[in-house]
Amino acid sequence: MAEPVDKEEKISNSPQTRKTLIEKLDNWSDWSSWDEFYRTYSGFVFHVARKSGLSDDEASDVVQETFIGVAKNLQKKKFDTSRGPLRASC
């Protein structure tokens, strides 16, 4: 995956989980939804990793591993949109 979008973007809270976007990710060939999902959440994941004391390279690895984990959980139908925010289900 590409670098997180706008690493220095000011993020004070996590982005709102958009249930409709998450539901679109069931379609593995819908690259535009996956791209939108990545652009929406990658900066936040990177920001949290950096705030935790990781280097840029380590934070980029965390972003990659996080999105791999999300994809695996979606594939296994482990993400339940009724449980609330994305972070509650990952």
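This passage describes the fold, the charged pairs and the surface features of the structure shown above.

The model is a predicted one, and its secondary structure consists of 3 helices and 0 strands, which follow one another along the sequence in the pattern α-α-α. Helix α1 covers residues 19-24 and helix α2 covers residues 31-51, with a loop between them, while helix α3 is formed by residues 56-75. Of the 90 residues that make up the protein, 29% count as buried.

A search of the whole structure for salt bridges returns 2 such pairs. In one of them, Arg 39 is paired with Asp 35, and the closest N and O atoms of the two residues are 3.2 Å apart. Both Arg 39 and Asp 35 belong to helix α2, where a spacing of 4 residues, about one turn of the helix, separates them. With regard to solvent accessibility, Arg 39 counts as partly exposed because its relative accessibility is 49%, a value between the limits of 20% and 50%. Asp 35 is likewise assigned to the partly exposed class, with a relative accessible area of 37%.

The other salt bridge is formed by Asp 56 and Arg 50, whose closest N and O atoms lie 2.9 Å apart. Asp 56 has a relative accessibility of 35% and therefore counts as partly exposed, and Arg 50, with a relative accessible area of 38%, is also partly exposed. In general terms, pairing of this kind can occur when the charged atoms of side chains of opposite charge come close.

Charge is also found on the surface in another arrangement, in that Asp 57, Glu 58, Asp 61 and Glu 65 gather there in a patch of negative charge. One of these residues, Glu 65, is located in helix α3, and this residue is classed as exposed because its relative accessible area of 52% is over the limit of 50%.

A polar contact was identified in the region that links the first two helices named above. Ser 29, which is situated in the loop between α1 and α2, has its side chain joined to that of Asn 27 by a polar contact of 2.8 Å. The relative accessibility of Ser 29 is 55%, so this loop residue counts as exposed.

How values were computed. Residues numbered from 1 in each chain as written. Predicted model: local features only at pLDDT ≥ 70, side-chain atom pairs only at ≥ 80, totals over all residues. Heavy atoms only, no water. Patch = residues over 30% accessible without salt bridge, like charges linked within 9 Å, V, L, I, M, F, W, Y side chains within 5 Å. Areas by Shrake-Rupley, 256 points an atom, 1.4 Å probe, with all protein chains shown as cover. Salt bridge = Lys/Arg side-chain N within 4 Å of Asp/Glu carboxyl O. Lys, Arg positive; Asp, Glu negative; His and termini not counted. Charge placed at Lys NZ, Arg CZ, Asp CG, Glu CD. Buried < 20%, exposed > 50% of the residue type's maximum accessible area, 1.4 Å probe, protein only. Polar contact = N/O pair within 3.5 Å; in protein donor to acceptor, adjacent residues only side chain to side chain.
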